[in-house]
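Work through the following exercises with the sequence and the model at hand. Each task is followed by a solution in steps.

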Amino acid sequence: MQQASKLIAGGKGLAPVLLKRAPTVELDWDIRQKSRFDARLSDGRALAVFLPRGSLVRGGDVLLTAEGELVRVIAAPQPVLRITACPAHPLAEQAFDLMRAAYHLGNRHVPIELKPDHLKIEPDHVLAEMLRAMHLDVAEVSEAFEPEGGAYASHSGHGHGHSHGHAHGDGHGHDHHDHEHGHSHDH
């Protein structure tokens, strides 16, 4: 079994010819957000991945095995909701509609992939209905999913997650409590 414990974000600095020859591993978002997992390489060999806690693996990243072999990561197609603005609206209004949808999804801490002409989220029928009520088109498709890393993620999209407590003085009736956050922060 191959073991990988190092990640090269986006394959940065590696010669394209080396990457072309490297075996691949195709992973969906659920697996790529874990720091420890098993997978199967494109050549059939088993791969065990042991990355630092909180690591995110993105499509285009390269894993380095203990034997010095490179493994290209491919973001596997998976069920997602593709959200687009109503094409009958003027372009400026379409952009605003998508921005408004991203705002509402962000308030719910939903992993979201942002594109200039659409958004993608994991399937959720309640959110799909909310978006349709906002006059957006929501289609169930199978595509790679690369959600944003968040405001505290590094430019490569790799951060580390942690929990932290903090006091709220926001009038929501839950002042001074600790709770977990499922989003990433870099320090």
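**Exercise 1. Classify Asp43 by its relative accessible area, then do the same for its salt-bridge partner.**

Step 1. The classes are buried (under 20% relative accessible area), exposed (over 50%) and partly exposed (in between), with a 1.4 Å probe and protein chains only. With a relative accessible area of 43%, Asp43 is therefore partly exposed.

Step 2. A salt bridge is a side-chain nitrogen of Lys or Arg within 4 Å of a carboxyl oxygen of Asp or Glu. The side chain of Asp43 meets that of Arg45 at 2.8 Å, N to O.

Step 3. Arg45 has a relative accessible area of 31%, so Arg45 is partly exposed.

The model is predicted: local features need pLDDT of at least 70, side-chain atom pairs count only at pLDDT 80 or more, and totals for chains, interfaces and linings use all residues. Residues are numbered from 1 along each chain as its sequence is written, and side-chain values use heavy atoms, with hydrogens and water left out.

**Exercise 2. Find which parts of the chain are linked by the salt bridge of Arg45 and Glu69.**

Step 1. The side chains of Arg45 and Glu69 form a salt bridge with an N to O distance of 2.7 Å.

Step 2. Helices (H or I, at least four residues) and strands (E, at least two) are DSSP runs, numbered from the N terminus. Arg45 sits in the loop between strand 3 (36-40) and strand 4 (46-50), and Glu69 in the loop between strand 5 (62-65) and strand 6 (70-75). The two residues are 24 residues apart, and the pair links distant parts of the chain.

Step 3. Glu69 has 23% relative accessibility and so counts as partly exposed.

**Exercise 3. Compare the burial of the two partners in the salt bridge of Glu146 and Arg58.**

Step 1. The N to O distance between the side chains of Glu146 and Arg58 is 3.2 Å. Glu146 belongs to the loop between strand 10 and strand 11, Arg58 to the loop between strand 4 and strand 5, and 88 residues separate them.

Step 2. Glu146 is partly exposed at a relative accessible area of 21%, whereas Arg58 counts as buried at 8%.

Step 3. For the whole structure, the search finds 9 salt bridges. One network of salt bridges links Arg82, Glu113, Lys115, Lys120 and Glu143.

**Exercise 4. Describe the geometry of the aromatic pair in the structure.**

Step 1. A pair of aromatic rings is described by the distance of the centres and the angle of the planes. Rings of Phe, Tyr and Trp (its six-membered ring) pair if their centres lie within 6.5 Å; planes under 30 degrees apart count as stacked, over 60 as edge-to-face and the rest as tilted.

Step 2. The structure holds 1 aromatic pair. It is formed by Trp29 and Phe145, with 6.4 Å from centre to centre and 90° between the planes, and is edge-to-face.

Step 3. Trp29 lies in helix 2 (residues 29-32) and Phe145 in the loop between strand 10 and strand 11 (160-161), so the pair ties together parts 116 residues apart in sequence. Both Trp29 and Phe145 are buried.

**Exercise 5. Check the length of helix 3 and locate its buried side.**

Step 1. The expected span is 1.5 Å times one less than the number of residues. For the 17 residues of helix 3 (residues 91-107) this gives 24 Å, and the end C-alpha atoms are 25 Å apart, which agrees.

Step 2. Gln94, Asp97, Leu98, Ala101 and Leu105 are the buried residues of helix 3. They cover an arc of only 95° around the axis (taken from the directions from the helix axis to the C-beta atoms), which puts them on the same side of helix 3. Ala92, Met99 and Tyr103 are exposed on the other side.

Step 3. The buried residues of helix 3 pack (contact means heavy atoms within 4.5 Å) against strand 7 (78-85), strand 8 (112-114), strand 9 (119-121), helix 4 (125-133) and strand 10 (136-143).

Step 4. His109, which follows helix 3, has a positive phi near 55°.

**Exercise 6. Repeat the analysis of sides for helix 4.**

Step 1. Buried in helix 4 are Leu127, Ala128, Met130 and Leu131. Seen down the axis, these residues fall within an arc of 160°, so they line one face of helix 4.

Step 2. The cover of the buried residues of helix 4 includes strand 7, helix 3, strand 9 and strand 10.

Step 3. On the other side, His125, Val126 and Ala133 are exposed. His125 has 65% relative accessibility.
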